[in-house]
Amino acid sequence: MSTQPKVLVTRKTPPPAIELLTGRVLLDYNSDDRRMAPDELARRAADCDGLIAIGDKITDALLDAAPKLRVVANNSVGYDNLDLAAMTRHGVMGTHTPGVLTDTTADLAFALMMGAARRLGEADRYVRGGHFKVWSVDLLLGVDIHHATLGLLGFGRIGRGMARRATGFDMRVIYFDEQRASPEVEKEYGVECVSKEDVFRQADFLSIHVPLMPSTRHLVGAPELAMMKRTAILVNSSRGPVVHEAALAEALKNGVIAGAGLDVFEFEPNVDPILMELPNVFMAPHIGSATRATRTAMAMLAVENCLAALDGKTPPNLLNRDVLAARR
Ligand code: DGY
């Protein structure tokens, strides 16, 4: 019988990360990129020591079905798919991949803001549709980003990346975060901390950079949208359920705000049918971290976290530190 630990990789993963696992573990690799239903995940995890997961729901039921499990290494920075309290109760470590995707995701958030402001989705469809017959002085007029006010909801790694980019465009940057940054950090990034309400009221562009957790679900709903300028544009590259999508669709339809740039959706991959019809929404299919280099770096970090846990070490990106005490 093999003494190697068994690891299930639940989704298609960049080859260098699979190579790093090969020979070190017994590998069960779901390389066809199909998301497994909970019963298949439970069946395949049943004799595993580690999981490398992307978005798979790690629940009490799954943990009960996988008694040997020691680590779930998320191949993402977001970890709203992990029930960390249940994992700690079961003595299972949870890890994620912070840092390596910060700039790539901030780039995409900035691109969403620019795309929505300058109506790039409409412009692309206009040209492809063969409508570009004559240049016109008021064709597809947008709004300026430079010298506008960017409001950040959340001022962690990616929010700060967005602030750094915005100062290059001479934007005024305001933010709200439950944990205010130090005066030194605020000075370094050239940002001003304001109340949550003032972020909604003052922003020309409001960009969301909070993790999804019970306190941030529907952080932006009809009342918050009503506080925003009618000319404002909302950008979401964090998690879909942070925004009440039906309320956003109504607000965009009724001119409560002017536009949106969205990489994430409340019930993705499904998108609210009203949003699908609106020209003032610039959309992407959850590609915030989607560059070859970054997706490879994320997968390598997930594997490093997994192997560290299986080697009896503390993984570099452990989320539930209290599990260490529980395991002693
Ligand atoms: C992340 O890393 O959280 C990205 O959204 C990919 O899931």
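## A tour from the ligand to helix H11

Select glycine 78 to begin: one of its polar backbone atoms sits 2.8 Å from an oxygen atom of the ligand. Keep in mind as you look around that this is a predicted model.

**Stop 1: the ligand.** Stay with the ligand and add valine 77, where a backbone N or O atom is 2.7 Å from a ligand oxygen atom. Next pick histidine 286; here an N or O atom of the side chain lies 2.7 Å from an oxygen atom of the ligand. How much of the ligand does the protein bury? Of the 230 Å² that the ligand exposes when taken alone, the protein buries 82%. To see the whole surround, show Ser76, Val77, Gly78, Leu101, Arg239, His286 and Met298. Colour this shell by residue type and you will find three nonpolar residues, three polar and one charged.

**Stop 2: the aromatic pairs.** Now turn to the rings. Searching the whole structure gives three aromatic pairs. Select phenylalanine 110 and phenylalanine 169: the ring centres are 4.8 Å apart and the planes stand at 50°, so this pair is tilted. Zoom out a little and you can see that the pair links distant parts of the chain, 59 residues apart. Phenylalanine 110 belongs to helix H5 (residues 102–117), while phenylalanine 169 is in the loop between helix H7 (157–167) and strand E7 (172–176). Are the two partners buried or exposed? Phenylalanine 110 is buried, at 5% relative accessibility, whereas phenylalanine 169 is partly exposed, with a relative accessible area of 31%.

Move on to phenylalanine 155 and tyrosine 175, a stacked pair with 4.3 Å from centre to centre and 25° between the planes. Phenylalanine 155 is in the loop between strand E6 (149–153) and H7, and tyrosine 175 is in strand E7, so the pair ties together parts 20 residues apart in sequence. Both phenylalanine 155 and tyrosine 175 are buried. Add Tyr189 to your selection, and you have a cluster in which ring pairs link Phe155, Tyr175 and Tyr189.

**Stop 3: helix H11.** Finish by selecting residues 245–253, which form helix H11. Which of its residues are buried? Show Glu245, Ala247, Leu248, Ala249, Ala251 and Leu252. Then bring up what covers them: the cover includes helix H10 (222–227), strand E10 (233–236), strand E11 (259–262), helix H12 (273–277) and strand E12 (281–283). Last, click on glycine 255, just after H11, where phi is positive at about 75°.

Notes:
Residues are numbered from 1 along each chain as its sequence is written. This is a predicted model: local features need pLDDT of at least 70, side-chain atom pairs count only at pLDDT 80 or more; totals for chains, interfaces and linings use all residues. Side-chain values use heavy atoms; hydrogens and water are left out. Rings of Phe, Tyr and Trp (its six-membered ring) pair if their centres lie within 6.5 Å; planes under 30 degrees apart count as stacked, over 60 as edge-to-face and the rest as tilted. Helices (H or I, at least four residues) and strands (E, at least two) are DSSP runs, numbered from the N terminus. Buried means under 20% relative accessible area, exposed over 50%, partly exposed in between (1.4 Å probe, protein chains only). A residue is near a molecule or strand if one of its heavy atoms lies within 4 Å of it. A polar contact is a pair of N or O atoms within 3.5 Å; within protein, one must be able to donate a hydrogen and the other to accept it, and residues adjacent in sequence count only if both atoms are side-chain atoms. Accessible areas come from the Shrake-Rupley method with a 1.4 Å probe; for residues, only the protein chains shown count as cover. Ala, Val, Leu, Ile, Met, Phe, Trp, Tyr, Cys and Pro count as nonpolar, Asp, Glu, Lys and Arg as charged, and the others, Gly among them, as polar. Contact means heavy atoms within 4.5 Å.
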